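Colleague: Could you walk me through the ligand site and the pockets in this one?

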Amino acid sequence: MNPISQVPERDSVDPHTCRSFYIDGRWTSPAHPASMPVVNPATELVVGEIATGSAEDVDRAVVAARAAFSGWSTSPVALRVGILDRIHQLILERKEAFAQTLSLEMGAAIGFARAMQVPLAAEHVRVARDLLASYRFRTVENGTAIVREPIGVCALITPWNWPLYQITAKVAPALAAGCTVILKPSELSPLSALLFAQLVHDAGLPPGVFNLVNGSGPEVGDALARHPDIDMISITGSNRAGALVAQAAAQSVKRVTQELGGKSPNILLPDADFAKVVPLGVMAAFRNVGQSCSAPTRMIVPRDRLAEVEALAAQTANAIVVGDPASEETVLGPLANEAQFKRVQTMIDAGIREGARLICGGPGRVAAFSKGFYVRPTVFSDVESLMRIAQEEIFGPVLCIIPYDTVDDAVRIANSTSYGLSAHVQAQDLDAARAVASRIRAGQVHLNHPAWDPHAPFGGYKRSGNGREYGVYGLEEYFETKAIIGFG
Ligand code: NAD
């Protein structure tokens, strides 16, 4: 069975190819027949059907991953580097198939899928390959050797918003470290994961090193979290799911890493170049239709510059082309699923009810469409820090402009949510920006919209999670540390 030959064409996923799991190096049927549809959010039509697994499928995958661990964890670094290199090359070779599939399963605009979703996913593999090639697994200090060893069998649970990117951000460092893995992708966007499973097979990964079981969080995700023979679980998703995973994992004392929600601030200091940074800030908040946990959705601006910011923000938001994700002109496609559409509508209504001032967008579907989960890019101004729209993650193209009176006030507002994933500061005076960055409780702070750095550790303070992904920090999450004292 070869899903890759069948999935790429738009609106033509073969339902049969989706009804298998990848366990122990081959496509295999689930223990019990159960399935769920995959819906294209642009048309609301069913475009595939995936098998949904059970605890029995998880058991089979764990047995395979455990059996493969001794060989993979002690394999020569050069072998692992070679396989990661092949995975990287194959993602680039199959870029178009991935882009089409991502667009189909979660509505990514095709240009965005080609330019961002796929290449950035490939970057995580390249970075893991490069780090592995020169990583020092053993250092000796004062006669004591410190050895980094792979933690073991890892369960990896990923969300629907950046499906392939979230997969490679976990799978690549885990494989580089020498771990074996069981991936459970989001049940809402599982098709690119099937392509990825075929790709790792084609890259020559030994059987059992990578396994994929599809299914729901409460069934397959929970079985993974509880499983006594899994050493670590890494989840990216909502705070709700992250907390449930930690609870379920507690009994078996496995390592838990969580990449959860965000409500990221974007502070504009008075000397910033507003004509430049306001449009960039709006586009950063709305990237991927606002479905990014690190989206800077709270623009915190000097009160005496509010009118200027509003005009620039409205002009930028009104110019965004929302449309069919298959069109090259489209900047924002639909939201990824119906539940997300309803959630965003609820939050826009909440903003209006709480008295925030709508300066563009608003409730309802984009007028040009009678179907599809298309939301209007929406900007609220005069938002107060305690409003729901300023506190809760919306995960849609909804920007809150919040005025401040002093820089201390701006920092207080920036730190006033339960999240701490990411933040932005804009200023021409870099020292002033750095000083503000040092006062923000978040895992990443971006000064003046820098280029993406795939080596920069990513993860949350406060309720945004535990642990870090990307670069060497992400790799080291998959190690145990052993001290051999008296090593000589
Ligand atoms: P979700 O929490 O519903 O699902 C995420 C994953 O967790 C899915 O694979 C799901 O099946 C699984 N899951 C759900 N319940 C589970 C349970 N009880 N046990 C085990 N697994 C379970 O989230 P979503 O709707 O897919 O994604 C949106 C949310 O994820 C947003 O809140 C967003 O901020 C967050 N997110 C965070 C990051 C990050 O890096 N911090 C990245 C993307 C998304």
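Modeller: Sure, starting with the ligand: one of its oxygen atoms sits 3.1 Å from a polar backbone atom of Gly237. That is a polar contact, meaning a pair of N or O atoms within 3.5 Å. Bear in mind that this is a predicted model, where local features need pLDDT of at least 70, side-chain atom pairs count only at pLDDT 80 or more, and totals for chains, interfaces and linings use all residues. Residues are numbered from 1 along each chain as its sequence is written, and side-chain values use heavy atoms, with hydrogens and water left out.

Colleague: How much of the ligand does the protein bury?

Modeller: The protein buries 91% of the 840 Å² that the ligand exposes when taken alone. Those areas are Shrake-Rupley values with a 1.4 Å probe.

Colleague: What does the side chain of Trp160 do with the ligand?

Modeller: An N or O atom in the Trp160 side chain is 2.7 Å from a ligand oxygen. Thr158 uses its backbone instead, with a polar atom 2.8 Å from an oxygen of the ligand.

Colleague: And which residues come nearest to the ligand?

Modeller: Trp160, Glu187, Ser238, Leu260 and Glu393, out of 29 around it. "Around" means a heavy atom within 4 Å.

Colleague: Switching to pockets, what volume does the largest one have?

Modeller: About 920 Å³. Of its 38 lining residues, Trp160, Gly237, Ser238, Arg240 and Ala241 are the closest to the centre. A pocket here is an open set of points on a 1 Å grid where a 1.4 Å probe fits, with protein on both sides within 12 Å along at least five of seven lines, and lining residues have an atom within 4 Å of a point. The volume is the space filled by probe spheres set on the points.

Colleague: Which helix gives the largest share of that lining?

Modeller: α8, with six residues. Helices are DSSP runs of H or I, at least four residues, and strands are E runs of at least two.

Colleague: Why does the largest pocket lie between the two domains?

Modeller: Because domain 1 (3-260 + 465-485) and domain 2 (265-453) both give residues to its lining. The bounds come from an automatic or database domain assignment.

Colleague: What about the second largest pocket, how many residues line it?

Modeller: 27, and Arg287, Ser294, Gln444, His446 and Trp452 lie nearest its centre. Its volume is about 710 Å³, and each of the two domains gives at least three residues to the lining.

How values were computed: A polar contact is a pair of N or O atoms within 3.5 Å; within protein, one must be able to donate a hydrogen and the other to accept it, and residues adjacent in sequence count only if both atoms are side-chain atoms.
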